[in-house]
Amino acid sequence: MGFSFGTVALVIFIVALVFVFKTINVVPQQHAWVVERLGKYHATLAPGLNIVVPFIDRVAYKHSLKEIPLDVPPQVCITKDNTQLQVDGILYFQVTDAMRASYGASNYIQAITQLAQTTLRSVVGRMELDKTFEERDHINTTVVNAIDESAANWGVKVLRYEIKDLTPPAEILHAMQRQITAEREKRALIAASEGRRQEAINIATGEREASIARSEGEKQAAINRAQGEAAAIIALADASASALREVGEAIRSPGGIDAVNLRVAEHYVDAFGKLAKTNNSIIVPADLGDMSGLIASALTIVKSQKA
């Protein structure tokens, strides 16, 4: 009898533990659990401690509300100019409605992946190959907008899509590399020609400025010489005028005329003597009377000056 009572007590204790375990549910942060009651949606459990009815309610789905990265498998897309292009990307989404994520689609992750691939093929098919490398942001935005509209029915918010890699065929890649090399060589030649052109312009500009500077210097030198010569002429004229004024003043003074006559006679005799020395012939004045008279006048003046 005692053994039976202990067994029953143990069974009751185990049942109580199971009941408590089934009744109390602790939901982690950034998670949402969907509870069904008798096979029908009943409630969504928020993070924290939650009470459910054992054996009647059950947690059917558990969802993470964090941002989830989804690697979209690489696929080959055909561009507008009929070129194959392998595209690899990654999608970021977040569950916003746990109930819709549980019942809106049988597998919302697979649905998002397939929709991303089909949308990507459609977007790339409307673009040329060169544009696909330039319009990555446009492709990403278009894919996000197209998926997000449909994913709303699945309780999922598509946050962004990023292209990881765009790989054209090998022959197209080689052609692009040759084109890039040619463009670089072209830019190098243009840069070199621009450098030579600028060098020629700089040389011509320097020569022009130097010529202008030389002409300005020569002009200034000529002006300075002219001004110097003018100043010298003016100074010489002033000196001559001053000398003439002094001579005039001396002549007007008493005895000035006699002094002038004496000076003229001296110069005459001196000049005549020098002229006679330059030739072996004897030069005699045409009018010796005038000569003697001139000498006599000079001697008289000298005597009067001595007296």
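Which residue lies over the face of W33? A few notes on that and on other spots I looked at, bearing in mind that this is a predicted model.

1. The answer to the opening question is K62, which sits 4.1 Å from the centre of the W33 ring. Keep both names in mind, since K62 and W33 also turn up in the lining of the largest pocket.

2. On to that pocket. It holds about 260 Å³ of space. Besides W33 and K62, the lining includes F21, K22, I24 and N25, along with V52, F55, D57, R58 and V59.

3. Where does the lining come from? Three elements each give at least two residues: α1 (2-23), β1 (24-27) and β5 (57-64). The largest share belongs to β5, with 4 residues.

4. As for chemistry, the lining of the largest pocket splits into 6 nonpolar, 4 charged and 1 polar residue. If you are scanning the structure by eye, K22, D57, R58 and K62 are among the names to pick out in the lining.

5. Now the aromatics. How many aromatic pairs does the structure hold? There are 3. Take Y41 and Y103: their ring centres are 6.1 Å apart and the planes meet at 80 degrees, so this pair is edge-to-face. The two tyrosines come from distant parts of the chain, 62 residues apart, with Y41 in strand β3 (residues 40-45) and Y103 in helix α2 (residues 98-103).

6. Are these two rings buried or exposed? Neither, quite: Y41 has a relative accessibility of 34% and counts as partly exposed. Y103 is partly exposed as well, at 35%. The cut-offs matter here, because buried means under 20% and exposed means over 50%.

7. Y103 has another partner, Y61. This pair is also edge-to-face, with 5.5 Å from centre to centre and 85 degrees between the planes. Again distant parts of the chain are linked: Y61 is in strand β5 and Y103 in helix α2, 42 residues apart. Y61 is partly exposed, with a relative accessible area of 32%.

8. Put together, Y41, Y61 and Y103 are linked by ring pairs into a cluster. Strand β5 is worth a look from both angles: it carries Y61 of the pair with Y103, and it gives the largest share of the pocket lining.

9. One last item, in the spirit of the first. R160 lies over the face of Y92, and the distance to the ring centre is 4.3 Å.

Conventions:
Residues are numbered from 1 along each chain as its sequence is written. This is a predicted model: local features need pLDDT of at least 70, side-chain atom pairs count only at pLDDT 80 or more; totals for chains, interfaces and linings use all residues. Side-chain values use heavy atoms; hydrogens and water are left out. On a 1 Å grid over the protein atoms alone, a cavity is a set of points where a 1.4 Å probe fits but cannot get out, and a pocket is an open set with protein on both sides within 12 Å along at least five of seven lines; lining residues have an atom within 4 Å of a point. Grid points are joined across faces, edges and corners, and a volume is the space filled by probe spheres set on the points. Ala, Val, Leu, Ile, Met, Phe, Trp, Tyr, Cys and Pro count as nonpolar, Asp, Glu, Lys and Arg as charged, and the others, Gly among them, as polar. Rings of Phe, Tyr and Trp (its six-membered ring) pair if their centres lie within 6.5 Å; planes under 30 degrees apart count as stacked, over 60 as edge-to-face and the rest as tilted. Buried means under 20% relative accessible area, exposed over 50%, partly exposed in between (1.4 Å probe, protein chains only). A charge sits over a ring if NZ of Lys or CZ of Arg is within 6 Å of the ring centre and within 35 degrees of the ring normal.
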